[in-house]
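Got your viewer open? Let's take a walk through this model, one selection at a time.

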Amino acid sequence: MSEFKEKVTEIKDKVVKGASDAIDSLKKGANTIYNAIDSAKSDIDDPNYNIKKAILDKIKEYDTIIIHRHVRPDGDAIGTSQGLKALIKNSYPEKKVYVASSDKSDYLSFLPKDDNVAKELYDNALAIVVDTGDEARISNQNYKLAKEIIKIDHHDTSADFGVINYCDPTSASCANLIVNLATTFRYELKLNQDAATCLFVGIVTDSGRFRYASADSRCFKEASKLLEYNIDTQSIYTKLYVEEENKFNLKKYVYSKYKMTPNGVAYIYFKDNFGKKHGNLSKEDITSTINLLDSIKGSMIWILFSEGKESTRVRLRSRYINITELASKYNGGGHENACGSTVYNKKQVKELLKDADTLLKEFKLSHKDLY
Ligand SMILES: [Mn+2]
């Protein structure tokens, strides 16, 4: 009798195990089918599908992933690097993921802190460099020690230095590219609130609060995706835009001291010691005021000079007009409407202003309806 019972239990266990194995296989099968459908669909209407798939495969291949971004980080650099870290950690909890850097930006200190990454960790690591295609501008040059490097960027001028170099200059932010990667492979890469918060900061800051021409339908769609994770936009906006009074007074200074070239290039020049004299303002505080000059009628190019010990950094902005050529003439580059340059003396400052003035003059002659 007991022998019979044992036999029954044995058979029952086998059936249960068989059923559960079958369910597991079905689940795996379903995922494979989902992925196959996605890949077939995406292959047709997503020209970046293959490169994104290659990035996903590398992420899956490595146990240690170290993310780098550019120096003097903005909201996109920190938002993208920390957002990508949170995304990978949430999708593959067993992986070790770090953000390595050698500098920070105080105004973004509400986002997660970067990590101290020992050199030994790079031996078998994948490095992912985000938001820059300029190797000299990568914060913490240890990225070179990694076994393989991937670049993910959205700048017009972007050099290739990785095994995979993904650059989409039509994307409003680098954070958008990460959201896009996550939505393309939504059965593998799982966003959560932490990742969404960081990535939203990247999108909001690099799109000028959804105001720049780069804020297209894709940009809004991807931002909207992030809002599904209940991120606290009020708190993000407060942390990004409410400021100390010394910074508020800096605005007063810009509004009262900016100058204008004959054809309408607005510009302002800051001496090296300005920050010290005006309530200990950082260079970043000063250069970020460039946007204050962005809404003067007819002034479709605006420029900020920030003098340093050896050179003067230049921030150039425009609407409608492509200023990349102007910027590259003065040791710089960037996006169509947002560039950086460097000049070395007062004579070059004058020359740059003259070139900008000519560019604006010519543009106005052929675009009488734009201002
Ligand atoms: Mn960016």
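Start by selecting helix α4, residues 174–184. This is a predicted model, and in it α4 is mostly covered, with eight of its 11 residues buried. Which residues of α4 are buried? Colour these: Cys174, Ala175, Asn176, Leu177, Ile178, Val179, Leu181 and Ala182.

So what covers the buried residues of α4? Switch on these neighbours and look around the helix: the cover includes the helices α2 (49–61), α3, α5 (193–206) and α6 (217–227). The strands β3 (125–130) and β4 (148–153) are part of that cover too.

Next, keep α4 on screen and add helix α3, residues 75–91. The axes of these two helices are 8 Å apart, and the angle between them is about 20°. Angles under 35 degrees count as roughly parallel, and α3 and α4 are therefore roughly parallel to each other. Rotate the pair until one helix sits in front of the other: the crossing of α3 past α4 is left-handed.

Now zoom in on where the two helices touch. On the α3 side, show Asp76, Gly79, Thr80, Gly83, Leu84 and Leu87. On the α4 side, show Cys174, Ala175, Ile178 and Ala182. You've already coloured those four α4 residues, as they are among the buried ones. Here's a handy bit of background for reading such a pattern: an α-helix has 3.6 residues a turn, so residues three or four places apart point the same way.

What kinds of residues make up the contact of α3 with α4? Colour by residue type and you'll find six nonpolar, three polar and one charged.

Time to zoom out. Select 49–240 and give it one colour, then 246–366 and give it another: these are domain 1 and domain 2 in the domain assignment of the chain. The centres of the two domains, taken over C-alpha atoms, are separated by 28 Å. Where they touch, each domain brings seven residues to the contact. On the side of domain 1 that touches domain 2, you have two nonpolar residues, three polar and two charged.

Last stop: show the whole chain as a cartoon. How many helices and strands are in the chain? You can look for 12 helices and 11 strands. Along the principal axes, the C-alpha atoms fill a box of roughly 105 × 45 × 40 Å. Colour the buried residues and you'll be painting 36% of the 371 residues in the chain. And if you draw the contacts with a separation of 6 or more, 63% of them link residues 24 or more positions apart.

Note on methods: Residues are numbered from 1 along each chain as its sequence is written. This is a predicted model: local features need pLDDT of at least 70, side-chain atom pairs count only at pLDDT 80 or more; totals for chains, interfaces and linings use all residues. Axes are lines fitted to C-alpha atoms, for helices over the stretch in contact, and angles run from 0 to 180 degrees between N-to-C directions. Angles under 35 degrees count as roughly parallel, over 145 as roughly antiparallel, 65 to 115 as roughly perpendicular and the rest as oblique. A crossing is left-handed if the near helix is turned anticlockwise from the far one by less than a right angle, and right-handed if clockwise. Ala, Val, Leu, Ile, Met, Phe, Trp, Tyr, Cys and Pro count as nonpolar, Asp, Glu, Lys and Arg as charged, and the others, Gly among them, as polar. A residue is buried if 20 or more other C-beta atoms lie within 10 Å of its own, exposed if 12 or fewer, and partly exposed in between; C-beta atoms are placed from the backbone. Domain bounds come from an automatic or database domain assignment.
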